[in-house]
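Here are some comments on the model, written as numbered points for a reader who is new to such structures. Please keep the sequence and the 3D view open while going through them.

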Amino acid sequence: MKCPGRGHGNHSRRAMMDPCSNLPFDEFTSDDEGKTYAFRQNVFLRLDSKRDGWHAWPIKHNWKEVEGTPDAVFSWDHKMYFIQGDQIYIYKSEQHYNLVEGYPKSLESELGIQGPVDAAFNCPNSGVVHLIKGNTMFDVALLQTPRTVVKTWHLPFSHVDGAMCGSDGIKVFIGTKYHKYDSVMLLAMSRIQPIDHDIATELMGCSPKDPHKEHHA
């Protein structure tokens, strides 16, 4: 769980709500309905539609039972999974997200792993969710009963803030940057420093910051 007063949790509400404030995000995910979300502390932005100007909304606006910052979010089988500490919430990805009856449950009983985790992602047409804790990634087969860890990977990062997988590959988010990989295997096996991509300019459509202006500000 995120600790109050630590990390980027003490920034102003205005900066937190601004997609171009260059503050880190906690997680990104896309659901089976084609909606893409970015989460930062207790707010979210919808990235696949600019209809509202990428306005930030409280997480409780869509997922009313989730309190505070989610540690990880992923989508599978027309459902969205929110992980907080050792708890998991599952919502039906319909027009209005509804909590599945009986949730939240313990993360261990649902996915066979103890929380907390730092990130989670599921690739399209895959029955495996990848859960990241520190520099370790755990693969959990979602079609098995009970669900258990079927493979463990050691990553080239000591910590990640979030991860997301789509048709264009895997994005791993660390601070204000992200790295791209074509497959889970390349993510796990690569030992070469990947190219930095800027979240604000490349995913949020923000104008690049002028380093000279920042230096003299």
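1. A residue is called buried when its relative accessible area is under 20%. Tyr81 has a relative accessibility of 3%, and because this is under the cut-off, Tyr81 counts as buried. Please keep in mind throughout that the model is a predicted one.

2. Tyr81 does not stand alone, since Tyr81 and Phe74 form an aromatic pair. The centres of these two rings are 4.4 Å apart and their planes differ by 15°, an arrangement that is classed as stacked. Phe74 is buried as well, with a relative accessible area of 1%.

3. Phe74 also leads on to the nonpolar core, for it is listed among the residues with the most contacts inside the largest one, together with Ile83, Ile88, Leu107, Leu111, Val129 and Leu131. This core has 19 residues, and at least two of them are supplied by each of β5 (72-76), β6 (79-84), β7 (87-92), α2 (107-111), β11 (128-133) and β12 (136-141). The largest share, three residues, comes from β5.

4. Leu107 deserves a look of its own in the viewer. If residues up to four places away in sequence are left aside, Leu107 touches Ile83 and Ile88, and its other contacts include Gly85, Asp86, Gln87, Ile113 and Val117.

5. How many aromatic pairs does the structure hold? The count is 16, and one of these pairs joins Phe39 to Trp63, whose ring centres lie 5.6 Å apart with the planes at 50°, so that this pair is described as tilted. Phe39 belongs to strand β2 (residues 36-40), whereas Trp63 is placed in the loop between β4 (57-58) and β5, so the pair links parts of the chain that are 24 residues apart. Both rings belong to buried residues, Phe39 at 0% relative accessibility and Trp63 with a relative accessible area of 0%.

6. Phe39 and Trp63 are also members of a cluster linked through ring pairs, which further contains Tyr37, Phe44, Phe82, Tyr91 and Tyr97.

7. Rings meet charges in this model too. The charged end of Arg40 sits over the ring of Phe25, at 4.0 Å from the ring centre, while Lys151 lies over the face of Trp153, with 4.7 Å to the centre of that ring.

8. Is Ser93 buried or exposed? Ser93, which is found in the loop between β7 and β8 (98-99), is buried, with a relative accessible area of 5%. Beyond its sequence neighbours up to four places away, Ser93 touches Asp31, Glu33, His78, Lys79 and Met80.

Methods. Residues are numbered from 1 along each chain as its sequence is written. This is a predicted model: local features need pLDDT of at least 70, side-chain atom pairs count only at pLDDT 80 or more; totals for chains, interfaces and linings use all residues. Side-chain values use heavy atoms; hydrogens and water are left out. A nonpolar core is a set of buried Ala, Val, Leu, Ile, Met, Phe, Trp, Tyr and Cys residues joined through side-chain atoms within 4.5 Å. Buried means under 20% relative accessible area, exposed over 50%, partly exposed in between (1.4 Å probe, protein chains only). Helices (H or I, at least four residues) and strands (E, at least two) are DSSP runs, numbered from the N terminus. Contact means heavy atoms within 4.5 Å. Rings of Phe, Tyr and Trp (its six-membered ring) pair if their centres lie within 6.5 Å; planes under 30 degrees apart count as stacked, over 60 as edge-to-face and the rest as tilted. A charge sits over a ring if NZ of Lys or CZ of Arg is within 6 Å of the ring centre and within 35 degrees of the ring normal.
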